[in-house]
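Work through the exercises below with the structure in view. Try each task before reading its solution.

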Amino acid sequence: MPKRKDPTVDSEDEGSSGSDVDIVNVDFEFFAPKPIDYLALKRLLNQLFQSDAQSFQIHDLADLILSQPLLGSTVKGDGEESDPYAFLTVLNLNVHKASMLNAKDHPSIKALVSYLLTKSTGTPSAHTTLQQLIGTDALGSSHHVGLILGERFVNMPVEVIPPMYRMLADEIEWANEDDEPYNFSHYVILSRLYRLSSADVASLNEEADAEAMSAASPKPKKKKKRKSVKSTEDEESFKPGTFSFHLEDDVICKVSTLTLDYDFSNRQPRGEDGGESLGLEMAGRLMVVPAEKLKDLVALMAEEYPLPS
């Protein structure tokens with residue numbers, strides 16, 4: 001049975017004639033992770049870590065996620081046996097600290113912790129903070145740190161994310177009531193970002209202008225309704241800078257005590273990543289959120305990205 005069935009999410013698509021807008025209603029359902037999700041989880045983890053995914057043993061990380069089915073969610077659109085379009089979960093880094101000493105135990109966690117510490121060395125304050133949270137001594141302490149991992153298909157609406165975080169917060173609370181090891185002091189959340197240079201902006205604006213001109217028709221079209229959630233596609237023009245790949249990261253950054261952006265070690269030339277990055281320069285982002293701020297984060301997300309009415 002699904003954890004919870006979300007109210008219908010309306011997505012907009014232009015009709016074939018170009019004169020009308022067809023409203024496509026999609027029901028997304030939330031399920032606990034299960035073994036049938038293994039291959040899809042691997043794909044989403046590879047998407048999250050991009051070209052650096054080869055640095056971790058993704059299959060072990062997927063197995064670890066599936067080993068705790070009472071925590072975390074997947075989102076599906078065609079029943080429980082279908083592939084998930086998104087996932088969100090939390091892993092206790094302290095519980096799996098044996099991986100720091102024994103390569104046979106959760107090597108993906110060992111590699112991931114080492115990777116994050118290495119990425120922070122260029123920012124001394126961030127490195128000190130991470131050493132205090134996920135360094136070898138810290139992972140042996142009684143102050144546990146939760147690693148929140150989540151990813152979704154690029155065309156998935158951001159509105160599915162607040163319910164996933166709300167359910168995760170509830171599940172952590174219930175697990176603690178059952179004396180399960182999910183009493184965290186902090187959460188480390190991993191995500192992605194993209195960068196636009198001045199040359200990128202000029203090219204993107206030029207393409208947008210060309211598309212607008214080619215779409216021009218003497219026959220007036222019905223104006224396409226704007227979505228309530230603002231995205232990069234809604235902007236009048238592009239601007240250079242660094243941007244969150246997922247909109248919810250802007251909300252997470254509001255409650256985080258540390259945000260660290262870092263380059264991927266094995267960056268690929270643009271356009272050679274299978275198209276998922278849309279030809280943009282991709283990079284990684286780490287955010288640290290105190291555990292007591294998780295409920296605030298859930299509330300902020302629900303306010304910023306409410307379900308369509």
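**Exercise 1.** Compare the span of helix 3 (residues 107-119) with the expected span.

*Solution.* Helix 3 has 13 residues. The expected span is 1.5 Å times one less than the number of residues. That gives 18 Å expected, and helix 3 reaches 18 Å from first C-alpha to last, so the two are close. Buried residues (under 20% relative accessible area, 1.4 Å probe, protein chains only) in helix 3 include Pro 107, Leu 112, Tyr 115 and Leu 117.

The model is predicted: local features need pLDDT of at least 70, side-chain atom pairs count only at pLDDT 80 or more, and totals for chains, interfaces and linings use all residues. Residues are numbered from 1 along each chain as its sequence is written, and side-chain values use heavy atoms, without hydrogens and water.

**Exercise 2.** Classify the packing of helix 6 (residues 161-177) and helix 9 (residues 294-304).

*Solution.* Start with the geometry: the angle is about 160 degrees and the axes lie 9 Å apart. Helix 6 and helix 9 are therefore roughly antiparallel (over 145 degrees). Next, the contact (heavy atoms within 4.5 Å): Tyr 165 and Ile 172 are among the helix 6 residues, and Leu 297 and Met 301 among those of helix 9. By class, the contact has 10 nonpolar, no polar and 3 charged residues.

**Exercise 3.** Repeat for helix 1 (residues 38-49) and helix 2 (residues 58-66).

*Solution.* The axes come within 9 Å and cross at roughly 120 degrees. That makes helix 1 oblique to helix 2 (outside under 35, 65 to 115 and over 145 degrees). Contact residues include Leu 41 and Phe 49 of helix 1, and His 59 and Asp 63 of helix 2. By class, there are 9 nonpolar, 2 polar and 2 charged residues.

Key:
Helices (H or I, at least four residues) and strands (E, at least two) are DSSP runs, numbered from the N terminus. Buried means under 20% relative accessible area, exposed over 50%, partly exposed in between (1.4 Å probe, protein chains only). Axes are lines fitted to C-alpha atoms, for helices over the stretch in contact, and angles run from 0 to 180 degrees between N-to-C directions. Ala, Val, Leu, Ile, Met, Phe, Trp, Tyr, Cys and Pro count as nonpolar, Asp, Glu, Lys and Arg as charged, and the others, Gly among them, as polar.
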